[in-house]
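Me: Could you walk me through reading a structure like this one? I would like the general idea, then the case at hand.

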Amino acid sequence: MTDATLRSLPTAAPTSAAPPRRDIGLKRRYGAERRFKAYGIAAVGTGLFFLCWLLYTVISQGYTAFWQTEIRLPITFAANIVDPRGTGNPDMATLQRANYPKLAQDAIVAKLGIDPADRGAARDAAALVSANVRAELRDVVASDLTLIGKTQEVWILANSVVDSGVKGQFDLSVEESRRPLNDRQLGYIQQLEQDGALEQRFNWGLFTFGNSSRAEAAGLGVALIGSAWMMLIVLVVSLPIGVAASIYLEEFAPKNKFTDFIEVNINNLAAVPSIVYGLLGLAVFINYMSLPRSSALVGGLVLSLMTLPTIIIATRAALKAVPPSIRAAALGLGASKNQMVFHHVLPLAMPGILTGTIIGLAHALGETAPLLLIGMVAFVADYPATPLDASTALPVQIYMWANEAERAFVERSSGAIIVLLIFLALMNFFAIILRRRFERRW
Amino acid sequence: MSTSAIILAVLAIAIAAYALARRKAAGIAAAETGKLHSMPSYHGAYGLFWAALPALLALCAWLILSPILATQDMRSLYPDDLGPQLSAFPGVADDMTRAIAEGIRRMPDAVRATVHQMPIAELSPLLAGLGVPVASAAQDWMIPAALQRIAFDDWSRLAMTIVVIGLALAGAAFALSRIRLRLTARNRVEAVIRSFLVLASTIAVLTTAGIVFSMLFEAMEFFHMVPITDFLFGTVWDPRFAAAGTNASGQFGLVPLLAGTLYIAFVAMLVAVPIGLFAAVYMAEYANNRVRSVVKPLLEVLAGIPTIVYGFFALITVGPFLRDISADINGLLTGTYGSFIQAQSILTAGLVMGIMLIPFVSSLSDDIITAVPRSLRDGSLGLGATRSETVKRVILPAALPGIVSALLLTMSRAIGETMIVVLAAGIAANITINPFEAMTTVTVKIVSQLTGDLDFTSPQSLVAFALGLTLFAITLILNVVALYIVRKYREQYD
């Protein structure tokens, strides 16, 4: 650009030959320019690379968690085992005590055609079945007592080692003593697969089971319910309070020291580390108010306090975006100030408020640290019926599984992360739709 | 009545008051000449507030005060000397008595009538059978105290029911009697609504106060047991759990934790600041609209991913990756394949935290860079500067205060980050300058001191609050300084 202008200047030395161009370091400067731009591209590329790496890791390790190896066995619910007293109508306690693993072992031994006298082979075969078979078969019998004494085909969970083996997650070619499945068991697995009695089916248990120390029987059921309770509490607590506070600060508050102080407070709260909210919850809600530890109620309240600044900031922005002419028109037609706010300004600001709320909720859904402090790292196997019962949360469940050593738990926690990310993506997607669809540009 | 039944009853009365007041106002408007000052629905709301608010306020006050009074009443039956274990902790005796009372409540009436003659040794197994475990330190005198407690609670609940429902009815009757043509119902209702709004906006202040005071109180208690200088300047962190009866409480030195926190945050900033700043500059100054509209949301996805996911990523992928690659490098250089980077190390935690902070730096800086007015850019370009020279000599200096404050906010985020360091930084409280080793942070120790069994009287649990206070103070200072820099040095271009 510079040399072009120089050349075209008509006043510069009309007669003599053009003087040698002054070296103004253009080459060097353009080089620097190109390098600078390349740094920028490299930075963006690095960021995107990290994003891809992270997502790739999670998805490649986690997608298999949605399938679970199961074994179909013709289980004979022998009366002498399920109902030893022969009442024909055993109570729950009897059903609890029955030796279901024996039923499963008999079934798999018969299925594979093993000589029952060969103890070692029978033990190897029985090890293919999850130890959770006790609960599974009990539920089958309890739901239909007429099964006692009959034979029924039941899909039961395979042991997590079998599951990992079938999914090819460990090297089966190493020598026998160094892998968790021996050659005989591999033979059985093949035999069952050829019979169509062993296959990978969709893992509903991931969404319905509570926690368990056995990977194949561990699921997100309790965590999903706990997280749902907490999101409900956050919504019910922080949306009304947040909106009311923003309305006051934006529409009514006089400019004075006190409102300034509130404003500084809110901005600071938005930047307080989340773990500090956990300490607050522990000291105030659990120690002082003696609410039950590891309950969804305490978790929800802590997350509400954490989400409040986000909602207030978003709501204030939405209220600010409503043009003053609306307010003037309402007041001019004789509305009181309250009527002006609640009948005119608030409805117009609603899409913005909801967008901010959903984003705040998404943030709260993924938050882990404060929940660790209020005792949600608890081993909870039963569904929480009320928010006062012990429960856990989706991210906390991921944390607990991430600390387990077994390979199958890595798969489970990656699967749980995928579930969490899908929820977050849906919420953010919904927020974007809401903004695109309903937000007005004035 | 149970509390929720009382609340429901009050709400029912309030709704009835709404309907009655509204009808009465409409009736007055029809019967009398003249115009209602407020619309009938405001009269209804007037009735509703009078019925519900005094009653619910009384309910809250009662629920807060009654347990305190009940405990005092119960303590009047305690012997003067509580015994060697309990005299230091009367609160523990209260808890035990309360548990006994709770258990007696669950008993069938026939058994309950004989309770006052039982010694505690006979009562405890009965209570355990009802699902109320009683500590072995329970004393005989707790039984009459527990019975007294039950009597007080029953009386208190009955009185509360009568008072609250009476207040609701009285409020409704009062509001109905006040309704006439010129009643300024709307103004009164709006005043109540406005006071709700004020109340809601003070929640933020209350939260801050709650954070500061709760941590301050617990931390003070900790500093009674461990001198504050030992905490602030101690270089050894070893909170061994004291055996029962001994006074040894372990060493609680903040220095190794703070060093680890700052070191990891520093490594994270080394990763995040160059990448984030260059990305922001590229996006603001070079990228065309199409690229920006794709890349910017993608980078912001990184900000939306929960930190537990980053922690998992560090634990499962990045840590082992760095360990293996260091083994390979070591093998190539020296021939021995030993890894010199531990899987849990400062580098792992810092790198992953840096990745998490990239979108934070880039979107904050992007906003600040785009806020620099067009005219400065055009002026610089018009004088013949290249784009990069414009960025380096004009835009960055103009945006500097904003960027510095953004970096301080990022730093505060890095210091307060928990899940990544819990999973990736390790729990050994070392002091080291080798980034390939493990170091621990303040947040990790808060988590590890407070998960598992809790005892609000032991320094091992209370130290977490002192650590939390430190964390809160550091991040607060960083945030305030960031705000101050922006206010003081920001150029006003309009």
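Reply: Happily; below we look at a helix pair and then at one chain as a whole. This is a predicted model, where local features need pLDDT of at least 70, side-chain atom pairs count only at pLDDT 80 or more, and totals for chains, interfaces and linings use all residues. Residues are numbered from 1 along each chain as its sequence is written, chains are lettered from A and ligands numbered from 1 in the order in which they are written, and side-chain values use heavy atoms, leaving out hydrogens and water.

Me: How do α16 (residues 442–450) and α17 (residues 459–489) of chain B pack, and at what angle?

Reply: Two packed helices are described by the angle between their axes and the distance between the axes. Here the angle is about 155° and the axes of α16(B) and α17(B) lie 9 Å apart (axes are lines fitted to C-alpha atoms over the stretch in contact, with angles from 0 to 180 degrees between N-to-C directions; helices are DSSP runs of H or I, at least four residues). The pair α16(B) and α17(B) is therefore roughly antiparallel, a term for angles over 145 degrees.

Me: Which residues of α16(B) and α17(B) meet?

Reply: Contact means heavy atoms within 4.5 Å. Among them, Ile446(B) and Leu450(B) in α16(B) and Leu467(B) and Leu471(B) in α17(B) take part.

Me: And what span does the C-alpha trace of chain A have?

Reply: Along its principal axes, that trace of chain A covers about 110 × 80 × 40 Å. Chain A has 19 helices and three strands, strands being DSSP runs of E, at least two residues.

Methods:
Angles under 35 degrees count as roughly parallel, over 145 as roughly antiparallel, 65 to 115 as roughly perpendicular and the rest as oblique.
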